[in-house]
Amino acid sequence: MSGPQIVLVGPMGVGKTTVGALLAERLDTDYRDTDADIVAAEGREISDIFFDEGEQHFRDLEREAVRTALAEHRGVLALGGGAILDKDTRELLADLPVVYLSMEANEAVRRTGLGLARPLLAINPRQQWKLLMEERRSLYTEVARVVVPTDERAPEEVAEAVIEALELGAAAVPGADPSAAPGKAPGTAPGKENQA
Ligand SMILES: Nc1ncnc2c1ncn2[C@@H]1O[C@H](COP(=O)(O)OP(=O)(O)O)[C@@H](O)[C@H]1O
Ligand SMILES: O=C(O)C1=C[C@@H](OP(=O)(O)O)[C@@H](O)[C@H](O)C1
Ligand SMILES: [Mg+2]
């Protein structure tokens, strides 16, 4: 199958970057993060791009970064939290092993903390996070094959739950034949039965 082995989506601070790197290590594959790709290509921090040129310019860069990464990368890929706002991106994600990492609002505020690294949460983070989730929750669910809640789970436990949810366990065992691992039917709508 072409495309990344795992694509992580979910809100800011849920742990896509942290868990993505752990997953790549566990699965002995490469890790890539579209936020990092944008920072490297532009030579500037995301907060500077937001403040200097505005969110829409960032979204344009993000759409291209996601398209390129989906075409090139075969390991674990983490997207920025707002990447799924773009319809073309959502279409590209159809039938890929997309995992929605979810969490509750209290945990989100704890994990993102104060600071300017995430410009959309720079002012009134709790209310902003709630508003963003009202807009985005159904989009994360739409693109995801499985949902993995992260509340009260350490990053290593989240990584383990992702591997179980995608039934990649055999691939994590040295010497095992990954092609023997059963896969979920592509496009399965995530409901309770797909929560890990
Ligand atoms: N499962 C977890 N439990 C507690 N803290 C976490 C967990 N996953 C990530 N974090 C912390 O939350 C913050 C945001 O994580 P990050 O991986 O950057 O999220 P994202 O890429 O989804 O925005 C980091 O400080 C990270 O150490
Ligand atoms: O949700 C968003 O709109 C954003 C999420 C961020 O990535 P993380 O989800 O990795 O924090 C980053 O792309 C930018 O600050 C915008
Ligand atoms: Mg991130």
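Which hand does the crossing of α2 and α4 have? Keep the question in mind while loading the model, which is a predicted one; the tour reaches that pair of helices after the sheet.

**Stop 1: the sheet**

Select the strands. There are five of them, and they make an open sheet whose order is β2-β3-β1-β4-β5. The strands pair in the parallel sense. At the edges lie β2, residues 31–33, and β5, residues 146–149, each of which pairs on one side only. Look along the sheet to see the twist, which averages 25 degrees from one strand to the next.

Now narrow the selection to β2 and to β3, residues 76–78. Three bridges join these two strands, again in the parallel sense. To find one of the bridges, pick Tyr31; its partner in β3 is Val76.

**Stop 2: α2 against α4**

Select residues 34–42 for α2 and residues 55–72 for α4. The axes of the two helices are 9 Å apart, and the packing angle is about 115 degrees. α2 is therefore roughly perpendicular to α4. The opening question is settled here: the crossing is right-handed.

Show side chains for the contact. From α2, take Thr34, Asp37, Ile38 and Glu42; from α4, take Leu61, Glu62, Ala65, Val66 and Ala69. Coloured by class, this contact shows five nonpolar residues, one polar residue and three charged ones.

**Stop 3: α3 against α4**

Keep α4 and add α3, residues 46–53. The axes of α3 and α4 come within 7 Å and cross at roughly 130 degrees. At that angle, α3 counts as oblique to α4.

The residues to display are Ile46, Ile49, Phe50 and Glu53 on the α3 side, with Glu55, His57 and Phe58 on the α4 side. Four residues of this contact are nonpolar, one is polar and two are charged.

**Stop 4: α6 against α7**

Hide the previous helices and select residues 105–112 for α6 and residues 125–143 for α7. Their axes lie 10 Å apart and the helices pack at an angle of about 125 degrees, so α6 is oblique to α7. The crossing of α6 past α7 is right-handed.

Ala105, Ala108, Val109 and Thr112 make the contact from α6, while Pro125, Arg126, Trp129 and Lys130 make it from α7. The division by class is five nonpolar, one polar and two charged.

**Stop 5: ligand 1**

Which residues come nearest to ligand 1? Centre the view on this ligand and display its surroundings. There are 13 residues around ligand 1, and those that come nearest are Gly15, Lys16, Thr17, Thr18 and Arg111.

Next, colour by element. Two helices give two or more residues to this shell: α1, residues 16–26, and α8, residues 155–165. α1 gives the most, with three residues. By class, the shell around ligand 1 holds five nonpolar, five polar and three charged residues.

**Stop 6: ligand 2**

Move the centre to ligand 2. The residues to select around ligand 2 are Met12, Lys16, Thr17, Asp35, Ile46, Gly80, Gly81, Gly82, Arg118, Pro119 and Leu120. The shell around ligand 2 divides into four nonpolar, four polar and three charged residues.

Some of these names have come up at earlier stops. Lys16 and Thr17 appear around ligand 2 and also among the residues that come nearest to ligand 1. Ile46 is listed around ligand 2 and takes part in the contact of α3 with α4. Label Lys16, Thr17 and Ile46 to end the tour.

Technical notes: Residues numbered from 1 in each chain as written. Chains lettered and ligands numbered in written order. Predicted model: local features only at pLDDT ≥ 70, side-chain atom pairs only at ≥ 80, totals over all residues. Pairing = 2+ DSSP bridges. Helix = DSSP H or I, 4+ residues; strand = E, 2+ residues; numbered from the N terminus. Axes fitted to C-alpha atoms, helices over the stretch in contact; angles between N-to-C directions. Parallel < 35°, antiparallel > 145°, perpendicular 65-115°, else oblique. Left-handed = near helix turned anticlockwise from the far one by under 90°. Contact = placed C-beta atoms within 7 Å. Nonpolar A, V, L, I, M, F, W, Y, C, P; charged D, E, K, R; others polar. Near = placed C-beta within 6 Å.
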